[in-house]
Amino acid sequence: MSHVFNADQIEFAGLAAKAFAGLPGGDGGSEVAATRAALAELGLPLLGVPEDAGGAGMTELDLVLILEEAGYADVRVAIAETVGLVAPLLARHGTPEQRNTWFPALAQGTALGTGYCPVRGPGSRTGADIALAEHDGRVLLLDLREVTGAPPPVADLVRSSLASPLGGEDRDPEPLVRELASRGAWVAAAVLNGITRRLLDLSLDHARTREQFGVPIGTFQAVRHMLAEVASALEFARAPAWTAARCLAEDAPGTELAAHVAKATAARAGALANDHALQVHGGIGFTKEHELHRWLLHGHELESRWGTATTHESALGRVGLHCDSLVTEFLP
Amino acid sequence: MTAWRLELREWLTGHVPRDLPPLKDRLSAQPYRVWERVLADAGYAALHWPVEHGGRGAGSVERLVFQEEYERAGGPPRVNIQALMLAGPTLIAFGTPEQQGRWLPGMLRADQVWCQGFSEPDAGSDLAALRTRAVASGDQLVVNGQKIWTTGARYSDWIFALVRTSDEGPQHHGITWLMIDLRSPGVEVRPIAQLNGDDDFAEVFFTDVRVPAANVVGGIGSGWRVAMAALGFERGVGRRSFAQYLTRLEQLRRVAAEAGIGADADVQREFGAVLAKVLSYRDFTTRVALEDDAGTTTSTPAYNKLIWSELQVQLFQLGETVLAAAGRLREADAGDPGGEVADWMAEYWYSRAARIFAGTNQIQKSIIADRVLQLPR
């Protein structure tokens, strides 16, 4: 498993990174609208949707580096879950009516999508008008256009008839529930890996320039070793997210397991980077004067979004302990 | 499945020897040497060596597949691993054609088993502080000094050693790579009793040992450069597969199933944490191998030792957790030499050694900080 990326995949991720870095910051209404429009201009929301449905037909292996870049740039709007979670699920399972309602809005930049994560709800990313939520064993499509302020609990939306089952009433709901959880974990893992990389880069810059005792703090072994640990954990965490991308792209039977591994490993690396980055920055990192806080806060959120490291590890443990043989299960 | 994997699976199933004695001394090493000869005759002894030297010129992914299949088949420890991984590639890179012809065939077939003579009592992480001295005398070098923590010295025939040939200039300029026959007069090997119950480490003493000057590899005073290149050969991912950890985990799965503790929440959590790491290691090593085969410039191999050694400690800690939950640790406390529990505990302690050998994990972090992160010194 794992993956090496081709020149096109690397180039496209680079273009996305450049676009993300140039987006307006801030969470105000006009900033969100401008950001959504800019992302739609690039065709980003429907990248993972088949071409005959109006998308760019990219696979998860084409998307995973772009998700990393969204984390690296701290894109304020819900583009990552739109691209990696909501749009592909709509394309794969939505009714024609659901797709006809939402794909044009996503393509034109008048809407974005988010998941309703069981742990953290819709999360901190802004600009979502559509959400996917698991409720009563089904995946529901939630229309948030009329909702003002913070999105309410799913049960309230169900009562207010702003919810409809993804794929319609006759659909076997269980595979959809599982796919929502796996895709959610995969997107969170990939974005978190990008955040971890940014935390490392910010910390490296700080360690090279901040002086104490008359020398850069990056000369101190305590600091150097913390940063080496983060770099190692980061590169260890990226490959499993790429493997999960490959499983999703191939609709492989090991997708759920791969998503557990990806999220568990990304969350461990993200937590280490979060601890060490703040420690390396010292007092300045604890103030909002320094931009570090953006990645600390979002990274910490993603550590538990779609399940903590422990949740995913326990799930893996259950599978591993109850299979017939790990060797036949996991060796090619 | 690839043709390569199929070929290996079939061949290994038919040839892997069973029930070898524990590898301790010259006598018990004999069947391991025979096995190396079988591997060499089939062309599998040193896949990564160039074809003209008896290897296969294999890429990293091919090597990983070999390791996976070797672990799946339950192949025994490789008795001449130091020659195949370090001494051989060093000879291929720095040796004269005459030296290559003299030693490489014997390395492949384990006609000579080799050990590594780098560490000394006062030169561990600070390897360049080594003091074992070699003084020219005619067309010979006379060696005096001591090496320590030498794995496998008791059943080895030769040692590739770093020796001091000069005190002039910076420490690492006066070092030379020297091949020494352990049967030379003046060599003494003393086993070291270890924390984990084994004694496969040794001290090696040299007293007026006369070594032909023709045994110098890479030239007098070039030993540091040669050794750094050699350690680079070792840092790749080709020889260590996630499969060896997966087969260990499978042993624990069976222990847990037999003891009926597979539903225990603590066991599930810890087991899953290790399984996540083992599968991540699969993905990490595959990534590094793919990048290597594609010729990508990458720093990822630099993390490998740190990652696998920490993974091993966690794996063998899990072993203790599962054995304790299964009520099996009582056997160990009551004395159970050679049993499954004793084996796990020995491996646990050996995993603690792995944080120290092959460059301590602190040295590894310093290397990453210098060369990958390019932090100021």
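Helices here are DSSP runs of H or I with at least four residues, numbered from the N terminus. With that in hand, B:F66 can be placed: this residue sits in helix α3 of chain B. The model is a predicted one, and B:F66 is a handy spot to start looking around. Is B:F66 buried or exposed? A residue is called buried if 20 or more other C-beta atoms lie within 10 Å of its own. B:F66 has 23 C-beta neighbours inside 10 Å, so it counts as buried. Leaving aside residues up to four places away in sequence, B:F66 touches B:L8 and B:L47. As for B:A110, that residue lies 44 residues from B:F66 in sequence, and the two C-alpha atoms are 19 Å apart in space.

Zooming out, chain B is built with twelve helices and eight strands. Its C-alpha atoms fill a box of roughly 70 × 50 × 50 Å, taken along the principal axes. How does the radius of gyration of chain B fit with that of a compact globule? A compact globule of 377 residues would have a radius of gyration near 21 Å, and chain B has 21 Å, so the two agree. Of the 377 residues in chain B, 43% count as buried. Contacts that link distant parts of the sequence show up as well: among contacts in chain B with a separation of 6 or more, 73% come from residues 24 or more positions apart.

Strand β4 of chain B, residues 158–164, gives a good look at a covered strand. Seven of its seven residues are buried. Side chains leave this strand in two directions: B:W158, B:F160, B:L162 and B:R164 point one way from β4(B), while B:I159, B:A161 and B:V163 point the other way, and all are buried. This strand also has partners. With strand β1 of chain B (residues 114–117), β4(B) pairs in the parallel sense over four bridges, and B:W114 has B:W158 as its bridge partner in β4(B). With strand β5 of chain B (residues 175–181), β4(B) runs antiparallel, and seven bridges join the two. Here B:A161 has B:L178 in β5(B) as its bridge partner.

Another strand of chain B with two partners to look at is β7, residues 201–212. Seven bridges join β7(B) to strand β3 of chain B (residues 140–147), and this pair is antiparallel. In this pairing, B:Q146 stands opposite B:F205 in β7(B). Strand β6 of chain B (residues 187–192) also pairs with β7(B) in the antiparallel sense, over six bridges. There, the residue opposite B:I192 is B:F201 in β7(B).

Over in chain A, four strands make an open sheet in the order β1-β2-β3-β4, with mixed pairing. Which strands form the edges of this sheet? They are β1 (112–116) and β4 (163–165) of chain A, each of which pairs on one side only. On average, neighbouring strands in this sheet are turned by 25° against each other, direction ignored. Inside the sheet, strand β2 of chain A (residues 128–135) and strand β3 of chain A (residues 138–143) run antiparallel and are joined by six bridges. As an example, A:I130 stands opposite A:D143 in β3(A). Helix α7 of chain A (residues 173–209) packs on the sheet and touches β1, β2 and β3 of chain A, with its direction at about 65° to that of β3(A).

Chain A also offers a helix pair. The axes of helix α9 (residues 255–281) and helix α11 (residues 309–322) of chain A come within 8 Å and cross at roughly 145°. This crossing of α9(A) and α11(A) is left-handed. The residues that α9(A) brings to the meeting include A:L257, A:V261 and A:A264, and those from α11(A) include A:A309, A:L316 and A:V319. By class, the contact between α9(A) and α11(A) has eight nonpolar, two polar and three charged residues.

Finally, the two chains meet. This contact takes 40 residues from chain A and 44 residues from chain B. On chain B's side, the elements that give two or more residues are α3 (60–72), α7 (242–259), α8 (265–293), α9 (304–325) and α12 (361–372) of chain B. Which element gives the most? That is α8(B), with 16 residues. The side of chain B that touches chain A divides into 22 nonpolar, ten polar and twelve charged residues.

Note on methods
Residues numbered from 1 in each chain as written. Chains lettered and ligands numbered in written order. Predicted model: local features only at pLDDT ≥ 70, side-chain atom pairs only at ≥ 80, totals over all residues. Contact = placed C-beta atoms within 7 Å. Nonpolar A, V, L, I, M, F, W, Y, C, P; charged D, E, K, R; others polar. Rg over C-alpha atoms; globule rule 2.2 N^0.38 Å. Buried ≥ 20, exposed ≤ 12 C-beta atoms within 10 Å, placed from the backbone. Pairing = 2+ DSSP bridges. Axes fitted to C-alpha atoms, helices over the stretch in contact; angles between N-to-C directions. Left-handed = near helix turned anticlockwise from the far one by under 90°.
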